[in-house]
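User: I would like to learn how to read the features of a structural model, beginning with a single residue and working outwards. Could you take me through one?

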Amino acid sequence: MVTILKNLILVLIGDRYKSDLTKDNPYRGLSDEELVKTIIKTNNTLLFGIIYDRYANKVYTKCSGFSWSDDEAADLTQDVFLTIYVKMGSFKGNSKFSSWVYALTYNFCVNYVNRNKARKMSEKSEKLDANDHGMTFDVEDKSLFQMRSDKLKTVLEQIAPEDKAILLLKYQDDVPIKELCAILDIGESAVKMRLKRAKARLIETYNANS
Amino acid sequence: MADKSKNPFKDLGILIKDAPPNLKSKVMNDVATAKLIIDLASLFTLNVKEALSGMFKTRSKN
């Protein structure tokens with residue numbers, strides 16, 4: 001009975017979705033933040049299609065960076081968008097919506113990668129111990145920007161996914177530290193320390209590879 | 001402020017992959033199912049916040 005009801009609703013929504021969103025929709029001109037407010041207020045799932053259109057390719061590209069195949073990336077993207085919908089009510093507007101989406105994507109991907117415990121143990125056991133005993137060193141952005149992009153891509157695959165996520169948020173998506181504090185729900189000094197450690201590990205791995 | 005044109009992280013982000021075309025329908029179906037479950041759940045759960053505020057609210061004389 002529930003299945004029939006569900007299918008009926010999906011069919012109805014599917015038809016409405018085709019008819020509404022392909023036309024010139026007045027909501028398409030709204031900013032992300034306004035759109036999110038409208039979705040929460042009206043509980044209209046069809047408007048979520050506009051959010052999907054705006055972020056699908058970027059989220060899919062980011063998921064590809066954490067997965068081994070296109071199918072895996074597509075599955076991750078699907079789950080990320082469901083999480084975005086479910087957690088949309090918790091978006092307070094303390095940061096840009098795009099930053100919130102990217103942080104959520106990275107967080108989801110990091111959890112996905114870390115679920116593989118064997119890999120987690122083999123990759124982290126030595127590196128984290130060394131860095132947690134005050135062996136991190138300051139890395140200036142200038143020296144970070146001197147790295148070659150093709151090699152950087154390889155090195156990013158080798159460092160911990162948490163480090164990769166925070167570095168990409170800061171240097172690829174240009175999320176300011178204040179927004180990172182709001183999104184990650186930690187203090188400014190904690191964000192700076194995470195960044196510092198991530199940069200140190202990145203440079204360490206980069207130099208070890210050269 | 002470092003020169004952003006030299007930022008190698010930006011080079012990695014230039015190539016944006018296209019999401020599979022059938023993914024949108026899957027996502028919209030997921031969202032519709034999630035909404036259905038949330039709506040159905042709200043029928044069987046007690047809204048404590050609303051119930052308490054209703055209990056303590058003073059009715060207007062009109």
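User: In which helix of chain A is the place of Asp53(A)?

Analyst: This is a predicted model, and in it Asp53(A) has its place in helix α3 of chain A, which covers residues 48-64.

User: Is Asp53(A) buried, exposed or partly exposed, and why?

Analyst: The class follows from relative accessible area, with buried meaning under 20% and exposed over 50%. Asp53(A) has 36% relative accessibility, and therefore counts as partly exposed.

User: Which residues does Asp53(A) touch, leaving out those up to four places away in sequence?

Analyst: With those sequence neighbours set aside, Asp53(A) touches Arg28(A) and, on the other chain, Lys24(B). The side chains of Asp53(A) and Lys24(B) also make a polar contact, at 2.8 Å.

User: How should I read the interface of chain B and chain A as a whole, and how much area do the two chains bury between them?

Analyst: The size of an interface is often expressed as the accessible area that is lost when the parts come together. Here chain B and chain A bury about 3300 Å² between them, with 72% of it on carbon and sulfur atoms. In terms of residues, 31 of chain B are in contact with 38 of chain A.

User: Which specific polar interactions are found across the interface?

Analyst: The rule finds two salt bridges between chain B and chain A, one of which joins the side chains of Lys10(B) and Asp174(A), with an N to O distance of 2.5 Å. The count of residue pairs in polar contact between the two chains is ten, where both residues are at pLDDT 80 or more. On the side of chain B that touches chain A, the elements that give two or more residues are α1 (8-14) and α2 (23-44) of chain B, and α2(B) gives the most, with 14 residues. The residues of that side divide into 15 nonpolar, four polar and twelve charged.

User: How many residues does the largest nonpolar core have, and which have the most contacts inside it?

Analyst: The largest nonpolar core has 64 residues, and those with the most contacts inside it include Phe48(A), Phe81(A), Leu144(A) and, from chain B, Phe9(B). Helix α5 of chain A, residues 97-114, supplies the largest share of this core, eleven residues. Phe48(A) has contacts in both chains: among the residues it touches, not counting those up to four places away in sequence, are Ile39(A), Phe81(A) and Tyr85(A), as well as Val27(B), Met28(B) and Val31(B).

User: Returning to salt bridges, what do they link within chain A, for example that of Lys62(A) and Asp173(A)?

Analyst: A search of the whole structure finds nine salt bridges over all chains. In one of them the side chains of Lys62(A) and Asp173(A) meet at 2.9 Å, N to O, and this pair links distant parts of the chain, with Lys62(A) in helix α3 and Asp173(A) in the loop between α9 (161-171) and α10 (177-184), 111 residues apart. Lys62(A) and Asp173(A) are both buried.

The side chains of Arg201(A) and Asp163(A) form another salt bridge, also given as 2.9 Å from N to O. Arg201(A) lies in helix α11 (residues 188-209) and Asp163(A) in helix α9, so the pair ties together parts that are 38 residues apart in sequence.

User: Where do Lys192(A) and Glu188(A) lie?

Analyst: Both are in helix α11 of chain A, four residues apart, about one turn of the helix, and their salt bridge has its closest N and O atoms 3.2 Å apart. Lys192(A) counts as partly exposed because its relative accessibility is 44%, and Glu188(A) counts as partly exposed at 39%.

Terms used
Residues numbered from 1 in each chain as written. Chains lettered and ligands numbered in written order. Predicted model: local features only at pLDDT ≥ 70, side-chain atom pairs only at ≥ 80, totals over all residues. Heavy atoms only, no water. Contact = heavy atoms within 4.5 Å. Buried area = accessible area lost by both parts, 1.4 Å probe. Salt bridge = Lys/Arg side-chain N within 4 Å of Asp/Glu carboxyl O. Polar contact = N/O pair within 3.5 Å; in protein donor to acceptor, adjacent residues only side chain to side chain. Nonpolar A, V, L, I, M, F, W, Y, C, P; charged D, E, K, R; others polar. Core = buried A, V, L, I, M, F, W, Y, C linked by side-chain atoms within 4.5 Å. Buried < 20%, exposed > 50% of the residue type's maximum accessible area, 1.4 Å probe, protein only.
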